[in-house]
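Work through the exercises below with the model open. Each task is followed by a solution in steps.

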Amino acid sequence: MRSLSFITADVFTDRIFGGNPLAVFPDGRGLDDSTMQRIARELNLSETVFVLPPETAQETRRLRIFTPAMELPFAGHPTVGTAIILAETGELDGDGPWDIVFGEKVGPIPVRITAAPNAAPDAATTNAPMTATLSSARLPTAIDGVRDPAILAALLGLPVTALAQADLPPAAYSAGVPFTIIPLASRAALSAIAFDVGVWRDHLADSLAPHIYAIALEDSAHGRHVSARMFAPAMGIAEDPATGAAATALAGYLFDQQRPAADRTVWEISQGGDMGRPSTILLTADRAANGLSAVHVGGRAVIVSRGSFNLPS
């Protein structure tokens, strides 16, 4: 029997029982794809990460990221959480801050890890809490998707009047993982969602953007605070409390809709509150002369537990 060590963390939060839980296996060598998927299904968290040695001189580590139902080419909370776990557990050289690169299927993902300013030590580690910020390997782009307001309202169990519609029309974007973005007219509408898997199966399961990101902004033209909920039946995730890949896709949507003039725009995304797991994601879009030039996703994480997973020989 082989025993595999793993660490869990709550990501995009500064306290235990918040954010999005993550399991990380710091040494995933020797596991085939099927075994990784079966472990992720057994743990049944939004994502499970297997850390592997780098495959190129540019990479610090290679990551394989699995939901209970599928492997992902890129995901934000596993990237941020794994970076902080490796730093917290002494797996990275030096005392920080660290600039590392994770090899993911979407491409190389640069990550900067720093101690959170003015933060008290983390009770789980006695270290100052850390912040990790990734830079997306791909810029988010608009893709074809389902935009019919009647279908999208039925999907969310809401009246059509609950959609923002003209102010912020629904659209689909991807930076490696495709999302249908559905802006709603109010935060109350976001809380009232009753997701209909049957409508999803009939109209979105086979679409180019099957994963759903519902959002609400108080100011559609200039708002910098976003409330969000994410639903991904295709990933085996009924609802996700914090979704970095969705935030990355959202940067493209908000950049196109709001047309910010500043060289750098920061949005704060609140997600997970309706699940009792409040999360905070910092989303940054850099602007150059020809438009969107870079997207960054950052947040905190806290280590929660350590354990072992026993695999039969």
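**Exercise 1. The enclosed space**

Task: Classify the lining of the largest cavity by residue class, then state where the lining comes from.

Solution.
- Step 1. Sort by class. The lining of the largest cavity holds 8 nonpolar, 4 polar and 2 charged residues. Note that this is a predicted model.
- Step 2. Count the cavities. There is 1 cavity of 30 Å³ or more. The volume of the largest cavity is about 60 Å³.
- Step 3. Find the centre. The lining has 14 residues, and those nearest the centre are Glu47, Ala75, Asp240, Thr243 and Ala245.
- Step 4. Assign elements. At least two lining residues come from helix 2 (76–88), and at least two from helix 6 (244–258). Helix 2 gives the largest share, 3 residues.
- Step 5. Assign domains. Domain 1 (2–135 + 301–311) and domain 2 (141–299) each contribute at least three residues to this lining.

**Exercise 2. The open space**

Task: Give the volume of the largest pocket, list its lining, and divide the lining by class.

Solution.
- Step 1. Take the volume. The largest pocket contains about 250 Å³ of space.
- Step 2. List the lining. Phe12, Thr13, Asp14, Arg15 and Thr131 belong to it, as do Pro278, Ser279, Thr280, Leu282, Gly298, Gly299 and Arg300.
- Step 3. Match to elements. Strand 16 (279–288) and strand 17 (291–311) are the elements that give two or more residues.
- Step 4. Divide by class. The lining has 3 nonpolar, 6 polar and 3 charged residues. Gly counts as polar here, so Gly298 and Gly299 go into the polar group.
- Step 5. Assign domains. At least three residues of the pocket lining come from domain 1 (2–135 + 301–311), and at least three from domain 2 (141–299).

**Exercise 3. One helix, end to end**

Task: Describe helix 3 (residues 149–156) from its N-terminal cap, through its buried residues, to the residue just after it.

Solution.
- Step 1. Start at the N-terminal end. Asp148 is the cap: one of its side-chain oxygens is 2.9 Å from the backbone nitrogen of Ala150.
- Step 2. Pick out the buried residues, using under 20% relative accessible area as the cut-off. They include Ile151, Leu152, Ala153, Leu155 and Leu156.
- Step 3. Recall helix geometry. An α-helix has 3.6 residues a turn, so residues three or four places apart point the same way.
- Step 4. Identify the cover. Strand 11 (178–184), helix 5 (197–203) and strand 12 (211–216) are among what covers the buried residues of helix 3.
- Step 5. Leave the helix. Gly157 comes just after helix 3 and has a positive phi of about 70°.

How values were computed
Residues numbered from 1 in each chain as written. Predicted model: local features only at pLDDT ≥ 70, side-chain atom pairs only at ≥ 80, totals over all residues. Heavy atoms only, no water. Buried < 20%, exposed > 50% of the residue type's maximum accessible area, 1.4 Å probe, protein only. Helix = DSSP H or I, 4+ residues; strand = E, 2+ residues; numbered from the N terminus. Contact = heavy atoms within 4.5 Å. Polar contact = N/O pair within 3.5 Å; in protein donor to acceptor, adjacent residues only side chain to side chain. 1 Å grid on protein atoms, 1.4 Å probe; cavity = no way out; pocket = protein on both sides within 12 Å on 5 of 7 lines; lining within 4 Å. Points joined across faces, edges and corners; volume = space filled by probe spheres on them. Domains from an automatic or database assignment.
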